[in-house]
Amino acid sequence: MAHASFNGLRVLSLESRRAKEVEKLIRTYDGEPIVVPMREVGLESNEHVLEFAAKLLEGNYDLILFMTGVGVRAMLEIVQTRYDRDEFLAALRKVKIVARGAKPSSVLRDLKIAVDVTSEEPSTLHSFQKKISANSETPSTESSTAPASTTST
């Protein structure tokens with residue numbers, strides 16, 4: 001049986017409760033982790049989300065993992081304070097999208113963003129990797145115009 005691997009992909013996880021564990025798991029499976037906490041805070045203090053949006057618009061991500069529908073909505077609300085909603089959604093449509101369960105999948109579907117891989121809850125990083133490997137090809141790094149980012153969102 002082949003060892004599951006992200007094969008050096010930059011992997012974004014919007015995680016706050018288990019951020020260190022998720023980051024370690026992504027590294028264990030040869031991914032470049034970009035782990036960003038999503039918290040309910042005032043819009044002025046969400047610079048990290050706006051930085052993520054800027055880098056997404058520049059084409060710096062290969063894959064984005066959404067853990068919750070609330071996180072998707074909160075992210076979009078914050079991003080819209082600085083960037084054009086349609087341009088941001090178009091940029092999301094250009095990368096591989098992974099969703100954990102029905103809630104983030106439903107929100108993304110409402111936004112007309114295709115979910116490439118869905119893992120039902122409870123899920124683990126290993127279950128995501130298996131689904132990604134089984135259901136899709138590794139995205140081409142040639143489409144990225146900027147170097148790998150270590151910024152989290």
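**Notebook: helix packing and sheet order**

**Entry 1. α3 against α4**

I began with the pair α3 and α4, and I recorded that α3 crosses α4 in the right-handed sense. The model is a predicted one, and I read each entry below with that in mind. I then looked up the geometry of the pair: helix α3 (residues 69–79) packs on α4 at an angle of about 135 degrees, and the two axes are 10 Å apart. The angle therefore makes α3 oblique to α4, since only angles over 145 degrees count as roughly antiparallel and 65 to 115 as roughly perpendicular.

I next listed the residues that meet. From α3 these are Met75, Leu76 and Val79, and from α4 they are Arg85, Phe88, Leu89 and Leu92. By class, I noted six nonpolar residues, no polar residue and one charged residue in the contact of α3 with α4.

**Entry 2. α2 against α4**

I turned to the packing of α2 on α4. Helix α2 (residues 47–57) and helix α4 (residues 85–92) have axes that come within 9 Å and cross at roughly 65 degrees. I therefore entered α2 as roughly perpendicular to α4. The crossing of α2 and α4 is left-handed. On the α2 side I found Phe52, Ala53, Leu56 and Leu57 in the contact, and on the α4 side Glu87, Phe88, Ala91 and Leu92. I classed the residues of the contact of α2 with α4 as seven nonpolar, no polar and one charged.

I compared the residue lists of the two entries for α4. Phe88 and Leu92 appear in the contact with α2, and Phe88 and Leu92 are also listed in the contact with α3.

**Entry 3. Two single residues**

Is Asn46 buried or exposed? I located Asn46 in the loop between β2 and α2. Its relative accessible area is 2%, and because buried means under 20%, I entered Asn46 as buried. I also checked its separation from Met75: the two residues lie 29 apart along the chain, and their C-alpha atoms are separated by 9.2 Å. Met75 is one of the α3 residues that meet α4.

For a second case I took Asp86, which is found in helix α4. Asp86 has a relative accessibility of 56% and therefore counts as exposed, the cut-off being over 50%. I recorded a C-alpha to C-alpha distance of 9.9 Å between Asp86 and Leu111, which are 25 residues apart in sequence.

**Entry 4. The sheet**

In what order do the five strands of the open sheet stand? I read the order as β2-β1-β3-β4-β5, with parallel pairing. β2 (32–36) and β5 (117–119) are the edge strands; each has a single partner strand, so one side of each is left without a neighbour in the sheet. The twist from one strand to the next averages 20 degrees.

I then went through some of the pairings. Strand β1 (residues 10–14) pairs with β2 in the parallel sense over five bridges, and the bridge partner of Leu12 in β2 is Ile34. Strand β3 (residues 63–66) runs parallel to strand β4 (residues 96–100), and four bridges join them. Within that pairing, Leu65 has Val98 as its bridge partner in β4, and Phe66 has Ala99. β4 and β5 also run parallel and are joined by three bridges, with Val98 standing opposite Val117 in β5. I noted that Val98 is thus listed as a partner of Leu65 as well as of Val117.

**Entry 5. Burial of the strands**

How many of the five residues of β4 are buried? I counted five of the five, so β4 is largely enclosed by the rest of the structure. Both faces of β4 are covered: one side carries Lys96, Val98 and Arg100, the other Ile97 and Ala99, and all are buried. For β2 I found four of the five residues buried, so β2 too is largely enclosed by the rest of the structure, although β2 stands at an edge of the sheet.

**Entry 6. The chain as a whole**

I closed with the totals. The protein chain has six helices and five strands, and along the sequence they follow the pattern β-α-β-α-β-α-α-β-α-β-α. Of its 153 residues, 44% are buried. Among contacts between residues at least 6 apart in sequence, I noted that 62% join residues at least 24 apart.

Key
Residues numbered from 1 in each chain as written. Predicted model: local features only at pLDDT ≥ 70, side-chain atom pairs only at ≥ 80, totals over all residues. Heavy atoms only, no water. Pairing = 2+ DSSP bridges. Axes fitted to C-alpha atoms, helices over the stretch in contact; angles between N-to-C directions. Parallel < 35°, antiparallel > 145°, perpendicular 65-115°, else oblique. Left-handed = near helix turned anticlockwise from the far one by under 90°. Contact = heavy atoms within 4.5 Å. Nonpolar A, V, L, I, M, F, W, Y, C, P; charged D, E, K, R; others polar. Buried < 20%, exposed > 50% of the residue type's maximum accessible area, 1.4 Å probe, protein only.
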